[in-house]
Amino acid sequence: MKKDFYEILGISKNADAAEIKKAYRKSALKYHPDKNPGDKEAEENFKLAAEAYEVLSDPQKKAKYDQYGHQAFDGSGGFGGGHGGMNMDDIFSQFGDIFGGGFGGFGGGGGGPRRAKGSNLRIKVKLTLEEIANGVEKKVKVKRKVQAKGVTYKTCSTCNGQGQVMRVTNTILGRMQSASTCPTCGGSGQILDKKPSEADGQGMVVEDETVSIKIPAGVVDGMQLKVSNKGNDAPGNSIPGDLIVVIEEVEHEFLKREGENIHFDLYISFPEAVLGASKDIEAINGKVRIKLEEGIQSGKILRLKGKGIPSINGYGSGDLLVHVNVWTPKTLNKEQKQFFENALNDEHFAPSPEKSEKSFFEKVKDMFS
C-alpha cells in the first residue's frame with residue numbers, strides 16, 4: 001500500500017503552499033543522492049518526496065488526491081504507477097526549480113548531462129456510464145512527434161552536452177552559482193547534425209500511433225489520467241513526454257449520476273400506485289425488477305444498495321435511487337370522470353400522511369447528507 005503524501009513530507013492536510021514547499025526542500029536536502037551515495041533507501045525516500053511534492057504543490061492535483069487518494073493518479077496501464085511515472089530527470093528538474101538550479105543528478109556534485117523531455121499531448125476520451133461503472137480499455141490513435149529514421153545529432157558546443165549553462169554571480173553573501181537551460185539545444189545537450197528530407201528543423205516527423213489506455217472503474221468527468229512516455233519526442237538523447245487523458249462523461253438517456261449514486265425517475269399510473277405493481281427499472285448493467293407496495297406515494301425514493309458507481313478508491317459502490325412519480329391522467333372519459341367525482345367525498349381518497357412520511361425538503365436534505 002502506498003504511503004500517504006502528507007505523511008511522506010511530515011505535514012498536515014491543512015498545510016499551505018509555503019509549508020508544503022518548505023517540507024519538500026527539507027526532505028530533498030536530507031535524502032539527495034549526492035549526500036547519500038549508494039544508499040538505496042535514501043534514493044527511494046528522495047523519489048517519494050518528489051512525487052508527493054509534484055501532487056501537493058499543484059492545487060488541482062491536490063484537490064483530486066484529497067478526494068480520491070492515490071487512485072486519482074495511479075490506475076493500471078501506466079497512469080503513473082511507481083513514483084507517479086516520474087523519472088530522475090523529472091525529479092531533478094523539479095528539484096532545481098525549488099533550489100534555484102544549484103544541484104545536479106547522481107554523483108560528483110552536479111552529475112551527468114540532463115536529458116530533455118518532449119512535450120505532453122492531451123486528448124479527451126468519451127465514456128458511457130456503463131464504461132465508467134465497469135472500467136474499460138480504450139484504443140486511441142494519437143499523432144506523435146518522433147525522431148526521424150536516420151537523423152543524427154552532435155554534442156552541443158555551448159553547454160558541452162550538459163544541457164545546462166552555469167553562471168556565477170557575486171553577491172553580498174559571496175559567489176553564487178546557478179544553472180539554466182542551454183539556449184542553443186533547449187536542454188537536450190545535442191544539436192541536429194544530419195536529417196532526412198521529410199524531417200523538420202529538429203529532425204522530427206509526425207507519426208500515428210495507437211495507444212491502449214486502461215481506464216479504472218469510477219472515474220469522474222474532467223479527471224486527468226497520465227500515460228507515461230506517449231507524448232512527443234524531443235531532439236537528441238531525450239525522454240518522450242506524456243499523454244494526458246481527460247475523461248469526458250457521456251450523458252445517459254435515463255440515468256443521472258451524482259457522485260457514486262445513480263438516480264432514476266420511475267413514472268407509474270394511478271392504479272399501479274393504488275394496487276401495487278412489479279416494475280423493471282433501468283440500471284447500469286441491465287434492468288432490475290422491483291416490487292411497489294400498495295398505496296405507494298408519489299415522491300417516494302427507493303434505494304437499491306450497491307447498484308451505483310464503484311468507488312475509484314475501491315471502497316464499494318454507490319446506490320441506485322429510484323424516484324417514484326405517480327402520473328396523473330390529463331383527460332378522462334365520462335365514466336372515469338364520474339368515478340373520481342364520486343371519490344371526492346370518499347374518506348379513502350382524502351390525504352392522510354403518516355407522521356413517518358418525510359416532506360420533500362427533508363428527502364432532499366437526506367439525499368445530500
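Which residues touch the most other members of the largest nonpolar core? They are I215, L320 and V322, in a core of 42 residues. Keep those names in mind as we walk through the structure, which is a predicted model.

## The big picture

The chain has 369 residues, and 39% of them count as buried. Its secondary structure adds up to 9 helices and 15 strands. If you look at contacts between residues at least 6 apart in sequence, 67% join residues at least 24 apart.

## The cores

Back to that core of 42 residues. Strand 11 (residues 261-269) gives it the largest share, with 4 residues. There is also another core, apart from this one, with 19 residues, including F5, I8, L9 and A52. As a general rule, nonpolar side chains in soluble globular proteins tend to be buried together.

L320 is a good place to start exploring. Setting aside neighbours within four places in sequence, L320 is in contact with a string of residues, among them L255, I262, F264, I281 and L302. Its contacts also include E282, R303 and K307.

## Strand 11 and its partners

On one side of the story is strand 10 (residues 256-258), which runs antiparallel to strand 11 and is joined to it by 3 bridges. R257 has I262 of strand 11 as its bridge partner. The hairpin these two strands make has 2 residues between the strands, and G259 takes a positive phi near 65° there.

Strand 11 also pairs with strand 15 (residues 320-327), this time in the parallel sense and over 8 bridges. To spot this pairing, look for I268, which stands opposite V326 in strand 15.

## Helix 2: two sides

Helix 2 (residues 17-31) is made of 15 residues, and the distance from its first C-alpha to its last is 21 Å, close to the 21 Å expected at 1.5 Å a residue. Which of its residues are buried? The answer is I20, A23, Y24, S27 and A28. These cover an arc of only 130° around the axis, so they sit on the same side of helix 2. Turn to the other side of helix 2 and you find A18, K22, K26 and K30 exposed.

The N-terminal end of helix 2 is capped by D16, with a side-chain oxygen 3.3 Å from the backbone nitrogen of A18.

## Helix 3: largely enclosed

Helix 3 (residues 40-56) is another story. Of its 17 residues, 12 are buried, so the rest of the structure largely encloses it. Among the buried ones are A42, F46, L48, Y53 and L56, along with E43, K47 and E51. A52 is buried in helix 3 too, and this residue belongs to the core of 19 residues.

The length of helix 3 works out as well: at 1.5 Å a residue its 17 residues should span 24 Å, and the end C-alpha atoms are 24 Å apart, which agrees. At the start of this helix, a side-chain oxygen of D39 comes to within 3.1 Å of the backbone nitrogen of E41.

## A buried aspartate in a loop

One more spot to visit is D233, in the loop between strand 8 (224-227) and strand 9 (243-249). Is D233 buried or exposed? With a relative accessible area of 19%, D233 counts as buried, since the cut-off for buried is under 20%.

The D233 side chain reaches the backbone nitrogen of Q147 at 3.5 Å. Leaving out neighbours within four places in sequence, the contacts of D233 are G118, R144, K145, V146, Q147, M204 and P240.

Conventions. Residues numbered from 1 in each chain as written. Predicted model: local features only at pLDDT ≥ 70, side-chain atom pairs only at ≥ 80, totals over all residues. Heavy atoms only, no water. Expected span 1.5 Å × (residues − 1). Buried < 20%, exposed > 50% of the residue type's maximum accessible area, 1.4 Å probe, protein only. Polar contact = N/O pair within 3.5 Å; in protein donor to acceptor, adjacent residues only side chain to side chain. Core = buried A, V, L, I, M, F, W, Y, C linked by side-chain atoms within 4.5 Å. Contact = heavy atoms within 4.5 Å. Arc of directions from axis to C-beta. Pairing = 2+ DSSP bridges.
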